[in-house]
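Hi,

Here is the structure I promised to pass on to you. Please have a look at it first, and then read on for what turned up.

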Amino acid sequence: MKKYLLRNLMYLYTSVFSAGMRNIVIQMFFDEYYHKNKETLVSAALFFSSLCTALGIIISSKRIEKNPDRKAKIRNVAFMTMAVSISFASMFLVKTYIIYILLFGISSFCINYMYNVFDVFISKSVSEKERELNIRILLSYQMAGYVAGPLFFSCFAENKWLCIAFAIGAQLIGYIAVGTDYINFSESVPSISESAEREIEKYGKDISSAVAKNDRKAMIYCFFMYCASNMLMPSIAYLTKDYLNVQKYAVKSSMFLAAVVIVSSVVIVFAPAAKTWNFRYIPPLSLTVSLALILITKSSNVFLLAFAAIVSGGGYGMFLSGSRYYVNTAKIKRNLVQRYNKVMTVSTLFGYFISVLTGWICNVKNMPVVLIQTCLILVFFTAGIFVSFIPDSKQISGHSAA
């Protein structure tokens, strides 16, 4: 238990960076220095960071398959840790868009490179009996980071040196335990091809085909969910400010996101993960309803927003819990952790590209950016609902997809 609590701190740090920088800090930066074109520039910055994130996931996946020795692991962890510290901290000192987005990209690349390496390592080294416990711990840390990141940076964004100290200190704390275990871990991670060959030989082509179809459907479902949710989270700040005309939007949007995350955390801790995956149509449906309610009423009433946050949080928690359970507790080793991380990255990249394109078109045509972008988010959630109702392929008894 203690080991998982310590080394899973890397999930806390990664989500602090992701939620804090993507959902609050860059919005405040562009609102202050580039107010006129802030929506488009924010989307462009997020798109570039997601491109760097995708590269980090892809390159690290190739690195994992090579199974580096101990010295290579030490060099890798030390270099990436230093690169993250320098780039992340420097973001609070610059005022120029080009430099800012470059630093953001470097940070995103390095953090997600290490995230994928550590995530695969943790998934492989956890015993069968403790996998569900590990999933609850890592998701709880992620939820805590989603709360702490936006709240911390929205309250202390003007104190640059405090933010720098927090960025570096949190990273070191988050990487020490998992980095040490990773460096000392010697068991190889099987490649996708080797794993597939063993499973075909062991279970036959029928079970492999059924499992592959269900995996593809699960990844498509996750694609739409992550695409929509990752477009939605950064847009909450401007949705409250420009669409709902809320004063002190940074703090209040952070509180809304915090409420979503807190409810999600409750679901993750108390709801049985296996059953949440069985009811995977509920997350996109609940998020669609809550977002549509805000758009239709166009009200900043605290009770309405609280209701929307509760419904959204319940659905988001079910999605994270169920999808992680499906990936991390798979009985047949299909390298789903790496595939899942790639889907998260590609869906985010696609979502931000749509946001950039939407922002540019709306600025040229003088159309309401926030409203149209939110409607597109609803389209992706609706696609998630559709995919969730596609029945699973039948499998041989005793060999489930999860």
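Let's start with the fold. The protein chain has 14 helices and zero strands, and from the N terminus on its elements read α-α-α-α-α-α-α-α-α-α-α-α-α-α. The radius of gyration is 21 Å, close to the 21 Å that the globule rule gives for 402 residues, so the chain is as compact as a globular protein of that length. Please keep in mind that this is a predicted model.

On the overall dimensions, the C-alpha trace spans about 60 × 45 × 40 Å along its principal axes. Of the 402 residues, 57% count as buried. If you take the contacts between residues at least 6 apart in sequence, 86% of them join residues at least 24 apart. The chain exposes about 17600 Å², and carbon and sulfur atoms supply 67% of that area. As for charge, there are 39 positive and 20 negative charges in the protein chain, and the mean positions of the two sets are 3 Å apart.

Next, the aromatic residues. The structure holds 30 aromatic pairs. One of them is formed by Phe-121 and Tyr-182, an edge-to-face pair with 5.9 Å centre to centre and 70 degrees between the planes. This pair links distant parts of the chain: Phe-121 sits in helix H5 (residues 97–125) and Tyr-182 in helix H7 (residues 160–184), 61 residues apart. Both partners are buried, Phe-121 with a relative accessible area of 5% and Tyr-182 with 7%.

Phe-152 and Phe-156 make an aromatic pair of the tilted kind, 5.1 Å centre to centre with 45 degrees between the planes. Here both rings belong to helix H6 (residues 131–156), where Phe-152 and Phe-156 are four residues apart, about one turn of the helix. How buried or exposed is each partner? Phe-152 has 16% relative accessibility and counts as buried because the cut-off for buried is under 20%. Phe-156, with a relative accessible area of 37%, is partly exposed. Phe-152 and Phe-156 are also members of one aromatic cluster, which includes Phe-17, Phe-88, Phe-92, Phe-104, Phe-153 and Phe-166 as well.

Two further residues are worth a click in your viewer. Which residues does Asn-230 touch, not counting residues up to four places away in sequence? Asn-230 is found in helix H8 (residues 192–243), and the residues it touches are Met-344, Thr-348 and Tyr-352. Its relative accessible area is 19%, so Asn-230 is buried, given that buried means under 20%.

The other one is Thr-374, in helix H14 (residues 369–388). Thr-374 is buried, with a relative accessible area of 2%. Leaving aside neighbours within four places in sequence, Thr-374 is in contact with Leu-239, Leu-291 and Leu-295. Thr-374 and Arg-22 are 352 residues apart in sequence, while in space their C-alpha atoms are 17 Å apart.

That is what I have for now. Happy to go through any of it with you.

Best wishes

Conventions
Residues are numbered from 1 along each chain as its sequence is written. This is a predicted model: local features need pLDDT of at least 70, side-chain atom pairs count only at pLDDT 80 or more; totals for chains, interfaces and linings use all residues. Side-chain values use heavy atoms; hydrogens and water are left out. Helices (H or I, at least four residues) and strands (E, at least two) are DSSP runs, numbered from the N terminus. The radius of gyration is taken over C-alpha atoms; the globule rule is 2.2 Å times the number of residues to the power 0.38. Buried means under 20% relative accessible area, exposed over 50%, partly exposed in between (1.4 Å probe, protein chains only). Contact means heavy atoms within 4.5 Å. Accessible areas come from the Shrake-Rupley method with a 1.4 Å probe; for residues, only the protein chains shown count as cover. Lys and Arg count as positive and Asp and Glu as negative; His and the chain ends are not counted. The place of a charge is taken as NZ of Lys, CZ of Arg, CG of Asp or CD of Glu. Rings of Phe, Tyr and Trp (its six-membered ring) pair if their centres lie within 6.5 Å; planes under 30 degrees apart count as stacked, over 60 as edge-to-face and the rest as tilted.
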